[in-house]
Amino acid sequence: MTDQLALDPVSAAIAESGLVAVLRAPTADGFSAVADVLVAAGVTALEVTLTSKGALEAISGLRRQLPDSVVVGAGTILTEEDAKAAVGAGAAFLVAPVGGLGPQPVPFYPGAFSPSEVYAAHRAGASLIKLFPAGGLGPGYLKDLRGPLPDVKIMPTGGIGLDDIAKWLSAGAVAVGVGGPLIGDAATGGSLTALAARARHAVDAVAYARS
């Protein structure tokens with residue numbers, strides 16, 4: 001289990017959850033129903049990507065809709081303008097596919113791929129670092145990375161399937177970000193019942209890795 005004493009409250013909540021559901025769709029119209037299903041299954045951290053039309057309004061709505069125990073953040077933050085708009089909408093954390101932004105008023109998790117990028121983000125003060133795209137690297141990469149960098153807190157995202165969750169956590173990930181394999185087509189009219197089953201599978205995988 002990650003040492004949460006060194007983390008801010010939002011990052012600690014994400015570490016405790018072990019899973020961030022990444023909500024990405026052409027529009028955010030279906031995110032409200034999707035979020036209800038995810039939270040009912042035990043998912044307590046949601047990332048709404050700004051590439052989804054209506055994302056800012058969705059973030060504001062989810063903050064009102066969901067219990068305070070659920071953290072809602074914004075993803076695909078590429079500019080300072082993106083960050084300001086997301087924080088204004090109520091995002092509790094910001095996630096980027098790359099680094100390069102300055103300090104933010106809420107926890108900011110920059111993307112990194114190479115050991116040099118990971119270490120640079122760590123030195124810059126990132127509480128969690130998004131390893132992206134992680135799917136092609138595999139959990140062994142993270143295990144090797146944490147050898148010389150044991151204090152760096154990594155959140156692999158991108159190309160992670162439901163059956164990969166436990167493997168990444170066992171390799172030392174603080175949490176994993178999972179999008180398409182978890183959400184499927186539920187945000188665009190697909191089955192919410194199937195989403196609930198996938199969400200339970202994901203939550204069970206976290207519990208298994210930590211048992």
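This tour moves through a predicted model, from a buried strand and helix to a small sheet, a pocket and a few side-chain details.

**Strand β3 and its partner**

Begin by selecting β3, residues 71-75. Five of the five residues of this strand are buried, so β3 is largely enclosed by the rest of the structure. Colour the residues by the direction in which they point: V71, G73 and G75 face one way, while V72 and A74 face the other way. Burial holds for both sets.

Next, add β2, residues 45-49. The two strands β2 and β3 run parallel and are joined by five bridges. To find the register, display L46, which stands opposite V72 of β3.

**Helix α3**

Now select helix α3, residues 55-65. Which of its residues are buried? They are A55, A58, I59, G61 and L62. In an α-helix, residues three or four places apart point the same way, because there are 3.6 residues a turn. To see what covers the buried residues of α3, show the surrounding elements, including α2 (31-41) and α4 (80-89). The strands β2 and β3, already on display, also belong to this cover.

**The sheet β6-β7-β8**

Move to the open sheet of three strands, whose order is β6-β7-β8 and whose pairing is parallel. The edges are formed by β6 (111-112) and β8 (154-156); each has a single partner strand, so one side of each is left without a neighbour in the sheet. Select β7, residues 129-131, and follow the three bridges that join this strand to β8. Among the residues to display here is L131, whose bridge partner in β8 is P156.

**The largest pocket**

Turn on the pocket display and pick the largest pocket, with a volume of about 320 Å³. Its lining comprises 19 residues, of which L101, F108, P110, A124 and A126 are the closest to the centre. Strand β6 and helix α5 (115-123) each contribute at least two residues to this lining.

**The loop at G102**

Centre the view on G102, in the loop between β4 (94-95) and β5 (108-109). Is G102 buried, partly exposed or exposed? The residue is partly exposed, because its relative accessible area is 26%, and the range for that class runs from 20% to 50%. Then select E80: the C-alpha atoms of G102 and E80 are 8.0 Å apart in space, although the residues are 22 apart in sequence.

**Aromatic rings**

Finally, show K130 and F132. The charged end of K130 sits over the ring of F132, 4.5 Å from the ring centre. As for pairs of aromatic rings, a search of the whole structure finds one.

Technical notes: Residues numbered from 1 in each chain as written. Predicted model: local features only at pLDDT ≥ 70, side-chain atom pairs only at ≥ 80, totals over all residues. Heavy atoms only, no water. Phe/Tyr/Trp six-rings, centres within 6.5 Å; stacked < 30°, edge-to-face > 60°. Lys NZ or Arg CZ within 6 Å of the ring centre and 35° of its normal. Buried < 20%, exposed > 50% of the residue type's maximum accessible area, 1.4 Å probe, protein only. Helix = DSSP H or I, 4+ residues; strand = E, 2+ residues; numbered from the N terminus. Contact = heavy atoms within 4.5 Å. Pairing = 2+ DSSP bridges. 1 Å grid on protein atoms, 1.4 Å probe; cavity = no way out; pocket = protein on both sides within 12 Å on 5 of 7 lines; lining within 4 Å. Points joined across faces, edges and corners; volume = space filled by probe spheres on them.
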